[in-house]
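Biologist: I am new to this structure and would like a close look at a single part of it, namely the interior. Could you take me through the nonpolar packing there, and then through what surrounds it?

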Amino acid sequence: MTFRLPFLALAAASLLPAAPGETALRCGALLDVRSGERVTNAVVLVSQGLIQGAGKGLAIPAGYTVVDLGGATCLPGLIDVHDHLTSDPENSGYRGLGVSVPRSTVTGVKNARKTLLAGFTTVRNVGADGYSDVALRQGIEAGEVDGPHLLVSGPALGITGGHCDETLLAPEFKFVGPGVADGPWPARAKVREVIKYGADLIKICASGGVLSKGDLPGAPQYSLEEIQAIVTEAHKLGRKVAAHAHGTQSIKDAIQAGVDSVEHCSLIDDEGIRLAREKGTFLVFDIYNDAYILEFGAKVGMLPEWIEKERKIGQVQRDNFRKAVLGGARMAFGTDGGVYPHGDNAKQFIYMVDYGLKPLEAIRSATLNAAELMGLKDLAGAVEKGRWADVIAVQGDPLANVKLLESVQFVMKGGKVYRNDLAKP
């Protein structure tokens, strides 16, 4: 799919706060995610928040501050394209009804920092009430809050009573979710509204969900006609569309309508995999959080109905992930952070490898592929000249043991060091 986000090219400077001066990173090895080569004794040159050069034994210009990372392996900052930074699992179910928009914004400040320190330097936030994610992004861009580069959707769009509505309140409250829009033209109007208030992309609920009351994951919600209207309006206005879709038919409808990514993909069939491959649609399988939901869901207030739905669909989703890998579909790394504790994003890598991806392919899903999906393929996703100076480091070789990415020890974003557990005393 060739659709790009033209506004990001213009906004690139605003996504990158004022950066420190000139730095040289000495890496025991540098993982070139494009070629798969692990270049030993590498140097990464950084100036004004951008990479000026990277490779084996580069000369370090006078005046550069040297950061020696010893034998650690450097690689691009990781990207999670499906996160909910303003949510915590502890506020699941009815507990979440007492959380205000201002309070969720504060939660987002905490979680943005945790996610950044875990090595995720770019995140796509897909769904937040009250534009709390817009406020969080603005705080990060202003340098007032530590967090990843952030693209946000604001409220997710969905049908009355659907997964993206609020179904926990009694009728007398007369509450309607902020993203609810029924019918093609009201849905177009809602696209315009969320963009007006700061959305970088559009998130929709094409099917039912797991963590919602009164619906079924496999049941279609938005119709093909409605999704087509949303995609047409969003693309016209320079925004991409991410479609929550567990259900078989909804996945195919979303792909046929031209969405840029399908999220969850639990019940995808062979035809859906073929359509995704042919149209270049990215699939985003969140195959880690099943483990968290089944072990901890009841403790954090998830409804018994939710947990039962997860029991029925979690393993099916993982098996279909394997089928999608074998079918040649394009994968982007997304975890549904907020369903599990933030900062644990990298726990998904080992599941992706266990279910069919090679370690390099899993890492590419969170670098090159994710950057392309987000419209940032010239800015993020690789340690190359001209890109954002987003670099992380781990002890050891993540191609040999992808679980090392759960223990990131160095984080640079935009040329600024946020974490360095490798510093010599």
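**The interior of the model**

Modeller: In the largest nonpolar core, which has 75 residues, I202, L283 and F349 are the ones that touch the most other members. Please keep in mind that this is a predicted model. As general background, nonpolar side chains in soluble globular proteins tend to be buried together.

F349 is a good place to begin, and once its neighbours within four places in sequence are left aside, F349 is in contact with L78, F120, F333, A362, I363, A366, V402 and L405. Apart from this core there is a second, separate one of 19 residues, and among its members are V44, A72, A389 and A393. Returning to F349, ring pairs link this residue with F120 and F333 into a cluster.

Across the model, the count of aromatic pairs comes to seven. One of them joins Y288 and Y340, whose rings are edge-to-face, with 5.3 Å from centre to centre and 75° between the planes. Y288 lies in the loop between β12 (282–284) and α8 (289–296), while Y340 lies in the loop between β13 (330–331) and α10 (348–354), so this pair ties together parts that are 52 residues apart in sequence. Y288 counts as buried at 8% relative accessibility, and Y340 is buried as well, with a relative accessible area of 0%. Y288 also pairs with Y351, and here the ring centres are 5.8 Å apart and the planes stand at 55°, so the pair is tilted. This second pairing of Y288 again links distant parts of the chain, since Y351 belongs to helix α10 and the two residues are 63 residues apart. A ring can also meet a charge, as at W185, where the charged end of R188 sits over the ring, 4.7 Å from its centre.

A393, named above as a member of the second core, belongs to strand β14 (residues 391–394), which is covered on both faces: V391 and A393 on one side are buried, and so are I392 and V394 on the other. In a regular strand the side chains alternate between the two faces of the sheet. Strand β14 pairs in the antiparallel sense with strand β5 (residues 73–76) over four bridges, and in that pairing L75 stands opposite I392. Strand β14 also pairs in the antiparallel sense with strand β15 (residues 410–413), over three bridges, where M412 is the bridge partner of V391.

Strand β5 leads on to the cysteines, for the count of disulfides comes to two, and one of these is formed by C27 and C74, with their sulfur atoms 2.1 Å apart. The torsion about the S-S bond of C27 and C74 is about -90°, so this disulfide is left-handed. The bond links distant parts of the chain, with C27 in strand β1 (residues 22–31) and C74 in strand β5, 47 residues apart. Both C27 and C74 are buried.

The other disulfide joins C164 to C205, with 1.8 Å from S to S. C164 lies in the loop between β8 (149–152) and α4 (184–196) and C205 in strand β9 (residues 201–205), so the pair ties together parts that are 41 residues apart in sequence. Both C164 and C205 are buried. When the bonded cysteines are numbered in sequence order, the pairing reads 1-2, 3-4. C265, by contrast, has its closest cysteine sulfur in C205 at 13 Å, which is too far for a bond, and C265 counts as buried at 0% relative accessibility.

Notes
Residues are numbered from 1 along each chain as its sequence is written. This is a predicted model: local features need pLDDT of at least 70, side-chain atom pairs count only at pLDDT 80 or more; totals for chains, interfaces and linings use all residues. Side-chain values use heavy atoms; hydrogens and water are left out. Buried means under 20% relative accessible area, exposed over 50%, partly exposed in between (1.4 Å probe, protein chains only). Two strands pair if DSSP finds at least two bridges between them. A disulfide is a pair of cysteine sulfur atoms within 2.5 Å. A nonpolar core is a set of buried Ala, Val, Leu, Ile, Met, Phe, Trp, Tyr and Cys residues joined through side-chain atoms within 4.5 Å. Contact means heavy atoms within 4.5 Å. Rings of Phe, Tyr and Trp (its six-membered ring) pair if their centres lie within 6.5 Å; planes under 30 degrees apart count as stacked, over 60 as edge-to-face and the rest as tilted. A charge sits over a ring if NZ of Lys or CZ of Arg is within 6 Å of the ring centre and within 35 degrees of the ring normal.
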